[in-house]
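Q: Hi! I have a structure open and would like a friendly walk through it. Could you help me find my way around?

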Amino acid sequence: MNEAYSEKLIKEVNASDKKVAISGYVVGKEEHSVVIDDGSAEMPIFFDQMEVPSSKYIRVFGRVIPYEEGLQIQADLIQDIGNINYELYKKMIGMIKQRSI
């Protein structure tokens, strides 16, 4: 059975997570990687043959991979959410987290 992606803040991602969905501003970009920052922490995102949206704000669905300096995400999908209302989006994530407690 396929596991669903868990919507998380970057600071909440840990090595026991398998699939996560995180969003943030692109603060660094290379050929096969980006670094995003959601205000709580930064996370390196790696991908193969994927087009990174030109938007500065993206959502990444991916698998958590431990490495020497911490954690990174191997992206399965990168979504452009540059036109989203950032404050409403964060409020919605907070509401989802309260319901799942």
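The chat below goes through confidence, strands, the core, two residues and a cavity.

Q: Before we start, what kind of model is this?
A: This is a predicted model, in which local features need pLDDT of at least 70, side-chain atom pairs count only at pLDDT 80 or more, and totals for chains, interfaces and linings use all residues. Residues are numbered from 1 along each chain as its sequence is written, and side-chain values use heavy atoms, with hydrogens and water left out.

Q: What is the mean pLDDT of the protein chain?
A: The mean is 88, and 97% of the residues reach 70 or more. As a reminder, pLDDT is the predictor's confidence in each residue, from 0 to 100.

Q: And where is confidence lowest and where is it highest?
A: Helix α1 (residues 86-100) has the lowest confidence, at a mean of 78, while β4 has the highest, at 96. Helices (H or I, at least four residues) and strands (E, at least two) are DSSP runs, numbered from the N terminus.

Q: Okay, strands next. How do β3 and β4 run?
A: They run antiparallel, with 5 bridges joining them. Two strands pair if DSSP finds at least two bridges between them. β3 and β4 also form a hairpin with 4 residues between them, and Gly39 in that turn has a positive phi of about 95°.

Q: What does β4 do with β6, parallel or antiparallel?
A: Strand β4 (residues 42-46) and strand β6 (residues 70-80) pair in the parallel sense, over 2 bridges. Along that pairing, Ile45 stands opposite Ile73, and Phe46 stands opposite Gln74.

Q: How many bridges are there between β5 and β6?
A: There are 10, and strand β5 (residues 57-67) pairs with β6 in the antiparallel sense. The two form a hairpin with 2 residues between them. Val64 faces Ile73 of β6 there, and the bridge partner of Ile58 is Asp80.

Q: Which sense do β2 and β5 pair in?
A: Antiparallel, over 7 bridges. One spot to look at is Ile22, which stands opposite Val60 in β5.

Q: Switching topic: how many residues are in the largest nonpolar core?
A: It has 18 residues, and those with the most contacts inside it are Ile22, Val34, Ile36, Met43, Ile45, Val60 and Ile73. Two or more residues each come from β2 (19-30), β3 (33-37), β4, β5 and β6. The largest share, 4 residues, comes from β6. A nonpolar core is a set of buried Ala, Val, Leu, Ile, Met, Phe, Trp, Tyr and Cys residues joined through side-chain atoms within 4.5 Å.

Q: Let's zoom in on Ile45. What is in contact with Ile45?
A: Leaving aside neighbours within four places in sequence, Ile45 is in contact with Ile22, His32, Ser33, Val34, Ile36, Val60, Ile73 and Ala75. Contact means heavy atoms within 4.5 Å. In the pairing of β3 with β4, Val34 is the residue opposite Ile45.

Q: Ser33 is on that list. Is Ser33 buried or exposed?
A: Ser33 counts as buried because its relative accessible area is 12%, and the cut-off for buried is under 20% (exposed is over 50%, partly exposed in between, with a 1.4 Å probe and protein chains only). This residue sits in strand β3. Beyond four places in sequence, Ser33 is in contact with Ile45, Phe46 and Phe47.

Q: And what about Pro44, buried or exposed?
A: Pro44 is buried, at 17% relative accessibility, and is found in strand β4. Not counting residues up to four places away in sequence, Pro44 touches Val34, Val35, Tyr67, Leu71, Gln72 and Ile73.

Q: How far apart are the C-alpha atoms of Pro44 and Asn14?
A: They are separated by 14 Å, with the two residues 30 apart along the chain.

Q: Last one: which residues line the largest cavity?
A: Glu7, Lys8, Leu9, Ser23, Asp38, Tyr89, Lys90 and Ile93 line it, and α1 gives the most to the lining, with 3 residues.

Terms used
1 Å grid on protein atoms, 1.4 Å probe; cavity = no way out; pocket = protein on both sides within 12 Å on 5 of 7 lines; lining within 4 Å.
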